[in-house]
Every structure is written in structure tokens, then in C-alpha cells.
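Me: I would like a close look at a single part of this model, with enough of the rest to place it. Please keep the criteria explicit as you go.

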Amino acid sequence: MVFLGLERIEVETLGDARSIVKKKKLVSMGFNIESVKLNDVYTIESDLDGAELLDCVKLLHNPVSQKAVLAKPIAPKSFDWCIEIGFLPGVTDNVGNTVSEIIRDFFNARGKTVSARVFYSQEIFLKGKLDEAQIKKISESMANPLIQRIQVKNKKIFLQEKGMDVIAPKVRLGQLPAIKEIDLSASDEELAKIGKFGILEKIGENGSEIRSGPLALDLDSMKTIKFFFEKLGRKPTDIELESIAQTWSEHCKHTIFAAELDEIKNGIFEECIKKATEIIRQKKGKKDFCVSVFADNSGAIRFGEEWLVTDKVETHNSPSALDPFGGAITGIVGVNRDAIGFGKAAKPVVNRYGFCFADPKSIKSLYKGKNKTGKMLSPEKIMLGVIEGVNAGGNCSGIPTPQGFMYFDERYEGKPLVFVGTIGLIPAKINEKNSHEKEAKPGNAIVMVGNRVGLDGIHGATFSSEALSSGSPATAVQIGDPITQKKLSDAIVKEARGLELFESITDNGAGGLSCSVAEMARESNGCIVELEKVPLKYSGMQPWQIWVSESQERMTLAVPKEKIEKFLGLMEKRGVEASIIGEFTGVGNCVVKSNGTTIMDIGLEFLHNGLPKKKLSAKTMPQNFSEPVFEEPNLASTLKEMLSRLNICSKEFVSAQYDYEVQGGSVLKPLQGKGMVNAEASAVKPVLDSEFCLGISQAVFPSYGDIDAYWMAACAIDSAIKNLVAIGAKPENIALLDNFCWCSSNEPERLWQLKKAAQACFDFAVAFETPFISGKDSMFNDFKGFDENNNPIKISVPPTLLISSLAQIENAENCVSLDAKFAGDLVFVLGETKNELGASEYYAHAGKKLAGKRFVGKNVPKVDSETAKKLYSALNMAIESRLVAGCLPIELGGIGIAIAKTCIAGELGAEIDVAKILGEKMRSDFVLFSESQSRFIVTINPANKAEFEKILKKQGCVFSEIGKIIFEKNLVINAIDSKQVLLPLEELKEAYKKTLRDY
Amino acid sequence: MVKALVLTGYGINCEEETAFAFKKAGAEAEIVHINDLIENPSKLKEFRIFAFPGGFSYGDDTGSGNALASKIKSNIWNAMLEFIENENLVIGICNGFQVMANLGLVPGFKKNYGERKIALMHNDTARYECRWVQLKNFSKKCVFTKGIDTIRLPVAHGEGKFFAKKPVLEKLNRHEQIVFRYVLEECALANKKFPYNPNGALEDIAGICDETGRIFGLMSHPERNILFTQQDNWTMQKEILLRQGKELPKESAGMQIFRNAVEFFKK
């Protein structure tokens, strides 16, 4: 065996902005810090000699701005503490992996094959009056103990020991691979335990049972499995049980959406979502634009004559609660694979996001365990980590992120919601064959491409703290590796696809190979996998672990035998690892072998359709809502306070850190107008030399569900449509996606809310003729733990339905942005303003101010689809006739907020009369902040007035001219009591931008 | 037809729109994977223009552009030098500029290519910034920017803060190698003011060329401003034009940079 040495290379960067920003952050947290200095550290385990290591030093820094030293610390002259943060064993170390590759490449080009493995860490030197407790706090604020190691030395020890320790966090697994047979002839109690906590591995020292981790199989399912194997006359193996658990999981089979729910016999997916789409497609007839719905990794619609666009929105909530960066980056990079895994592989062309967080300024602490153990991350840390994760994933992959939202509610404190979506583009036909059709055939090789398999992501979010002791990997958390995936994506989409080197492709997501291979095996009707052929990150994994591991950046393909050589050759040339791991068969079962021994053999019929169907029943929730009573406050200060609310204020710091321009297709940007206001919808052109573009938007109204989940869903659908109409999309071109993020879905009251929301999905999708093309659900977003005073606490997210929308727009030049364009332009409100402030931002604000607690109210906004449809088609006609200069859908905060945004974006003032707004007679604050649906603020060139009004009148729309844009930089509001309110634009802008600016 | 090679691989991600821009400008553009070039460096002889597109080569690990520069230097450096000697054009955009800085293709004083003289460091915000900026041209020498006085282009990077030591900076100024600087809307120097200077670049430097003016690197993305509807203010321009009764143009300002490159070989 070759002796491998271990050395550190430390790199110092002069005037490093990262150090300066870190210092600012620590000072703002209240620490007495004089200076912060950050070094990059590469720990190299290699067979390199001294001179060669010096070559590495040269490779790893730019002498213009950096200094690098081998085997010696580069400490600043003056410091008090040094903190080093590196990864725990088994956590994806992207920088380390890149450096290993650079070093190997460098010596390879010089004719020498070397062995080198690199581990990345950062040293942070701090100068300042800090005691040990403070240092502990600081280091905890910088690292996540689930994935990172922290080492702290004071200056004295640092100098004594000549720097920080040389540490190579390698995974060492002691066990030998073995297959266990599981005895299911046990009692119901033991069966339930196996289903809930996993297979018994051993009895711990204190007599406690150590189990393999939850299978999430209920007793009914366990019994079904028991009978199945009794009939076969044998016991199941651990891999068989794990495999069934993965395939039958809520995540894969959507058991709640498939269950019988009261009178909905075939489940809400079949009867509310899928059926709506079927009815709409029939109604649309020749104008049906759906191509592949609810069948593949993404849904697809036609885009022009020659293309399809695919869309999919996923959630990554639990992982993001534990490791916000890792959870979010694997979320976004993972949903990219839903595009790559669509049909014959679509190219990801747009990313979008939606984050639901608690107030980042909240300082309450939550604990998973009793006595302040298992502290949860703070809302601020979760928010910043999630934002950064999507930043790293999207930006590194070269996929634009032109659209997204952030929504805040204290009930997201236990669990944030992290929505991530990817739109893909694929030619409708590839070499004259339909690109959305794919079929693995018997005899095709099963090929896994991309990353290697490790223990990361086994059993999702259910690891125990033992799993994180030194020498053992963090199994449940993962960090995405966008560059590995980018190489894979380019090689598949841009090269292998056109050469027709594969018959079928799918993503390795939840359940890893156990799901991807078993899913594709349905196409050919069988498979044989040889597990020893799966490339691993380290040795010592159990066969079942290899089979279910969710290690990221992997796809599974079906490659015809005659093309395998060419396929593997292409992958090698593009630096993508590809391995044949078995063969698709046509004999009806899923067989897994390990070194020649069959360890799994289950019929596909049982594997996919064997799970018992659930029967659920819902129960109405008590309803006693009333409208709050309070005095009308000062309008000027209230409008400003409203603009500063978390759900209304500028999210510029997020929008501007996501590259929305890459691929060159940007048409309407996330920030619009000179004043950069966050838009509700964006437009992109995925095919540069076409006139066509794609409008995209999202809508979510969790607070409305507190009054009525039916109208919550209806409003989300209406808004997702309205937002696209506002930029120029034809209502009849719009398609929708649904994401249900529910809580406590075993409680009949929550199921009642679910049923109501699903029924609204059916009613309004059908009414608007906007089909659902894809959807996803996540049913248990609850946190159970303890508060600071050791009281047990359960925090459930408010039932949240995200509706995402997309539509092809035939001529990109017809798109309209939201900003006011010219002084003198007329301001119109389209739609009717009603007394609908129930669960509004305004009531929440007033309640918080007057009673210390949000007012909910009763009059939740409702949707009148027939009226809305007429308005939408009239507005669309006006936009296509180029009569509209600016258009903003009226969303949270109502007309008051919408007109303020119009002015801030255009850097122009406006004068409006509240009395001219049509609708129910109400006091001015209610008129201005009502959240009635299906309304717009439109600004037009006065020369277009007659024509514009004619179009709206012809459709019988409710609309009124309420004022005009003015050159003076003030928003002037003439209230109903004829009092005039004057708000300088600068103050509005400050109010809108200040809340989250310092992040 | 002039042929432009647009490099790809290992996380480069702006190759398609860069090739599209060259095609629109009248060149024949071919996207070539770095490994194919390593396998056959003489392929470079077919081309007159070499483009290092934007992207995230090697995920920016060890400093943006460093790893890809190392791969190029180890494998095709001589072919690259030969390409330059033959009076061809090279452009590096964003991550491409970062690669060129690490390769020492710019500033290339006295045609001495290969030595690192400049660095593109972490933005002052220590964060990725995607924004539109105003640039002013200060060079008569640079082939790519002929006829451009000011131009609005987007930036999108985490490491774009231009840095060089004093003597290098002086030389760059003296030899008219500073091409673009970040300016305020009214075209006065940004003087490091955020967000006009989006990264804190020294002397507001946004792009430089070599002594010949044929090798050009910039942090902003000209390929993202070649169509009318790509501009950040096109909906405003559209309203102005409509009210003047004028047609909407199809192209926008960034085209000039690609057209200049193609025109260079027509003389």
C-alpha cells in the first residue's frame, strides 16, 4: 500500500470582502470585534512529495491577491481566537472534490498519475474582547453542527500547537455487508414498531432498541406485506422491506391524495385535480395544449409549433429546517432533474422559488428534545441559508431564476416551506419521434450516471444524534453539487439525446435507485440489478443502503445494448461517471443481486399496486368568525407601515442575488421599473430566435385558509391567472400546477380543509379552463418539540396551497411591466372592490398594532369566475392592442399598496380619488386595503382612453378612472371624507425597501 | 465566413447565447467542449475568434476561473499562444474574463502572456449580484468596443472586483488598456458607489484589453443585451416609441461588440 501524507495548505486573501462582511455581521449581533480574518484551508491526503506539494500551493492561489503557505499557519499578527469550520465525514465537499480534480489533472498532463484527496475548511481569526461563551455563540452562528465540525483555539494554544489540527474527515464504516431476513410472524405490536421505527438492529447498552430508521409503513401495510411473503413461503429480506417502504411512501404514492375521503371515493387527486384537467382538455378540443400531464417527472404543454415546455414544482421542507443551505440547494438541483428526467430529457430553462418563513427577527428558541436539547435553527438562519442554497444551486447551474416569492407567518417557525420549481424546454419531436414518449425495453442496460452513492440521504430526515458521532457520516443531510449535475445535464440533453443513445431516463430522487429503477422497470416489465456494480463513495455500505440511498446528482437511463459503448464513451469524454448496473427484463419482477446472490425478488404488480388503500374521513372545523371593530387610522402613516410589512415589502436582496439573465431569455424581470419593484409575474424567452415567450407566476394565500380553505384555494388560482393576464398572457393559454403543503393530515379537521381546497381546485380550474399539468403534496408539516421553558409545543404550518402558473405569450413585445411610465397617464382600477378584508394584511396589521395580535375577521375574499373571465379577456385584448402602458394585479395590501408600487417603480407620483373606486361603499382605509380578487391597476396613455374604455365596456367589465400619474414625486390620495393625504415618493420608497434591506 | 469558437464544459453556462450573438453578427459559431480541444488542439486553427463564455467553471472553487485556467495551461497553452500570435481575437465574458485573468491573457504587457497580473475578487457585498450597470468606454484600442461610448449591460457574478497592484494599474492606464469603467447614469465615474459599481472594483474598472486591443475581458454580459426585449428598460422604451409612432427595433446595444469582432476580419 502506498503511504499517503497529510498536509495543510492555507490561503490568505488580501482585503477579503468575505472577512469584512463577516465582521459587520458579528458587530451587528452585538459582539465586541476589532477584526476578522478568513483563510481558505485545503487539507491534502496524497502521495505527493515536497516539490509536488509546492506545485499545489501555486495551483491554489492567485499571487496578485493571495498568499499561500504549505504546512504552516498564516495567522494575522494580532488575534485572540481562531475558529476552524470544516465538514463532517461523508458530507459533500464540493471545493475539496474540485481541488482533488485540479491536482490530479495537473499531474496527469505531466504524465504522472497521483493519488490525492482534498478536504476544504475555513479558518476565522477573531480579534476582540470575547470570552469562551461568546466564542461558542459565534462559532455556532457560523456553522451547522449537523454537517460541520468546529474547532476553536485561543491564541496561546494556537501558537503552542503551531496552528489548527490537521484533520481529514474520512468515512470509516466498520461493518461487513450482510443481508438480514426479517421475521414478520411477529405480534401486531412488533409489526407496527417495524413500520414506524425500522428493523431491529441491536439492543443498546441501556436496553433500548436500536432500529434501522423509520419505514413509514402503517400496520395495515405491514400486514399486507406479511401476507404477501407468507404466500411466497419465505421471509422478506431487509432490502425487500426497505424497497417496498420507499415505493409505498407518502412521497412516492401520495397515499392521502389517493385515499377515499368521505364521498370522494377515488381520492382527491383523481376526482378533483386529474378530473378537472380531463374535463378542460375535452372542452378545449383542438385548442388543448397539454401534451403530458401527471405521467412523467414534469408536466408538459406545447410551446409554439416546435417545442414543449415542461414544469414541475417540488418542496424540500424537512431537509431545509435541519440544514437550510443543503436542503434548499438539493431541492433546486433536484427539481432540475425533473426537467432532465422528462420524456427524452428536457433542458432546464427557468428556476423558480417560494419560501414561507417565520419573521427572521423572531428570537424565540425551539428545541427538538426536552431540557433544551436539539436546538432548532433560528428563523433568520433558516431564511438566509435557504436563500443561499437556491442561489448556489441555480446560479452555478446556469439556469435563470426570474420569479419567486417570500411569505411570512409565525407558524412557519417550526418548519419552513421551501418550494422550488423548474421549467424545461424540449423539441416536440426529436428525429421525428415524439420527445415526450419513452420506454425502457427488455434487454436495455440499466445505466446510472452522475455522482457516486454514499450514505447521504438515507431515510430522509429521521437520523438520530448517534449517526453524527465522529467517523460516521451525516446520513440524512445532503449538499448539492451543481457542477457535477451541469456536466451530466449538458452531456445528456445537448449530446446523447440528439444521438438517440438512450430509450428512457428518470431522476434518482426520493428512494434513490429503488424508486428510479423500479419505476422504469414498469416500462419494460422487469429488471435485474447487480448492486456490486454501483459505484460507491466509500466501502462498507449495506446492500439495502446502496439501493435506497438518495445521494444527489444521479439519473438512471435505459441504454440499448448496441449503443452502450458509444454512450459510455461520450460520458467519459465529458467527465461524467456512468456505470452499467443491470438490465431491464420483461418477466414481471424486480430482482436485485449482490455478488451473484439474489437478495430481492418481488413482482412489480405487488411492488407498485400492492399497498392497501386508505379510507379517510373529514370533520368540519368550528366556525365563529367576526369582523373586527376599530377606528379608521391615519391613512398616510398606515400606508407606509403597510408597505414595510414583511409580506409586502421589497425582496430585492433575494431577487438580485439570483441570476435572472443567464441563457439570455429574460423579457420581464423580477424587479421592474427604475425604482425596482418586485413583480408578481415574469416573462422569459427560452428560444432566443423566436417571438414567443413564457409568462410565469405563483400565488399563495395561507392566511385566507384560517377562515375558509375553499376560498384560499380559489384566490390562489385566480391570482396565479390574473398575474399572467396582467403581463399580457391570454387566459386560455394558462396552465397551472398545484402544491399542497398541509399539516397534521391525520386529523379530520385538517382533512376537511384539504377537501375544501381540493374542491375549489376542481371548481375554479374548470371554470377558468386552466388545466393542472403537474402537482405535488407534502402532508405533515408539523413541528413537535419544546419551547424555552421546556413546555411541549406543536407548531403546524397553516395549510398552504401554492398555485404556479405558466402560459405561452405569442409576441414578447406585447408584454407589459408594472411601472408608471409618464406623467399624465391615466390610472384605472379594473374590477370591483368589496368589503373583503378577512385575513387580509390590513387586518393583521391593525390587530397587531391595536391588540398585539392579528385580527382575522370574517369576510374572506371570494372569486366570481364568470366576471373575472370577461375582465381578463378584455384586458388581454387591450394589452395586445398596445393600449396599456403599465399594469399591476392588485394583491396583498389592496389598491393602496398597488398604486404605491406603481409609483415607486416608475419614480413618478400619482393623484387618485378613493371615491372613484367602484364597489361596496366603505370607509377609505377599507377601500384602499381590501384584498378583493380579480382586480388590476392599469396606467394608460390618455390618447388611448376611448379605445381602452370601449373594449372594457363591450365585455361589461367594472372599471373606473381613479386619477392620473403626476410629475411631482408625491402620492396624493383624496380620501372619501375629502381629506387629502400626501405621501412623498421618497418616503414610500424607503418604507417599501427598508424592512429586509440589510440582509 | 469568420468562425468563432465558443468554449464549453465543466460548468461554463453562457455558451449558447454567446454563440447565438456571434451568429447574429454574421459569424459561424461553434460550441466546442474543452476536452475535445484538448484531444485535438489543432482544431483551433479553424477559428479566428475565441470566446470564453460566462458561467461557473468548476463552481468557482479555489477562486473563480482558477481551475479552468489551470486545465487550459496544463493542456492547450501552446495552441492558445499560437492562436493569439496569428492576430486573432479573444473575448472573455464574466467567468471567461476571470479565466483570462488567471491565464494571464490580459493585461499581457509587451505581449508577455501567461503571467497573472490582475485579480477578480469577491464583490464588496460578498454576494452574487445580478444587476444592470452603465459602462463607459475609455479605450480607442480595443477592437470589440469600437464606436461605443456608453452602454448598459447586465452583470451577474460573485467575484468581479477588479484588483491590481499600483504599477500594473499605472501601466494599464498608460497603455489605454482600460476599456470599460462603471459609471453613474449621467456617465460620471461611479467612484465605487454601489450598485453603479456593483462589486467595488478598483478605479471602477469593468473590462480591460491586452496591449494589442485584440484580447478583451469584461465582467458584464454583452450577449444578454442583443435583443430589444432583453433590456431592463425596454417596456419604457416601447412606450416612448409607440407614442412617437415609431416601430420597435429588434436588436439592442450589445450587438455592436460581436459585430465589431466579425467586421474586424472583413477589412
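What follows is a close look at helix 8 of chain A, and then at other parts of the model.

Reply: This is a predicted model, in which local features need pLDDT of at least 70 and side-chain atom pairs count only at pLDDT 80 or more, while totals for chains, interfaces and linings use all residues. Residues are numbered from 1 along each chain as its sequence is written, and chains are lettered from A and ligands numbered from 1 in the order in which they are written.

Helix 8 of chain A runs over residues 238–247, helices being DSSP runs of H or I with at least four residues and strands runs of E with at least two, numbered from the N terminus. Of its 10 residues, 10 are buried, so this helix is largely enclosed by the rest of the structure. A residue is buried here if 20 or more other C-beta atoms, placed from the backbone, lie within 10 Å of its own, exposed if 12 or fewer, and partly exposed in between. Among the buried residues are the charged ones Asp238(A), Glu240(A) and Glu242(A), as well as Ile239(A), Leu241(A) and Ile244(A).

One partner of this element is helix 16 (residues 512–524) of chain A, whose axis comes within 9 Å of that of helix 8 and crosses it at roughly 70°; axes are lines fitted to C-alpha atoms, for helices over the stretch in contact, with angles from 0 to 180 degrees between N-to-C directions. That makes the two helices roughly perpendicular, the class for 65 to 115 degrees, whereas angles under 35 count as roughly parallel, over 145 as roughly antiparallel and the rest as oblique. Helix 8 contributes Ser243(A), Gln246(A) and Thr247(A) to the contact, and helix 16 contributes Ser514(A), Cys515(A) and Ala518(A), contact meaning C-beta atoms within 7 Å. By class these residues are two nonpolar, four polar and no charged, where Ala, Val, Leu, Ile, Met, Phe, Trp, Tyr, Cys and Pro are nonpolar, Asp, Glu, Lys and Arg charged, and the others, Gly among them, polar.

A second crossing, between helix 6 (residues 188–197) and helix 7 (residues 219–232) of chain A, also has axes within 9 Å, at roughly 105°, and this pair too is roughly perpendicular. Here Asp188(A), Leu191(A), Ala192(A), Ile194(A) and Gly195(A) of helix 6 meet Leu219(A), Ser221(A), Met222(A), Lys223(A) and Lys226(A) of helix 7, a contact that divides into five nonpolar, two polar and three charged residues.

Across the chain, the largest nonpolar core (buried Ala, Val, Leu, Ile, Met, Phe, Trp, Tyr and Cys joined through C-beta atoms within 7 Å) holds 377 residues, of which Ala713(A), Ala716(A), Ile717(A) and Cys761(A) touch the most other members. Helix 22 (residues 709–727) of chain A supplies its largest share, 15 residues. Beyond its neighbours within four places in sequence, Cys761(A) is in contact with Cys272(A), Ile273(A), Ala276(A), Ala713(A), Ile717(A) and Asp738(A).

Chain A as a whole has 29 helices and 42 strands, and 57% of its 999 residues count as buried. Its C-alpha trace spans about 90 × 75 × 60 Å along its principal axes. Among its contacts with a separation of 6 or more, 81% join residues 24 or more positions apart.

Finally, 56 residues of chain B are in contact with 51 residues of chain A. The side of chain B that touches chain A has 19 nonpolar, 19 polar and 18 charged residues.

Terms used. Contact = placed C-beta atoms within 7 Å.
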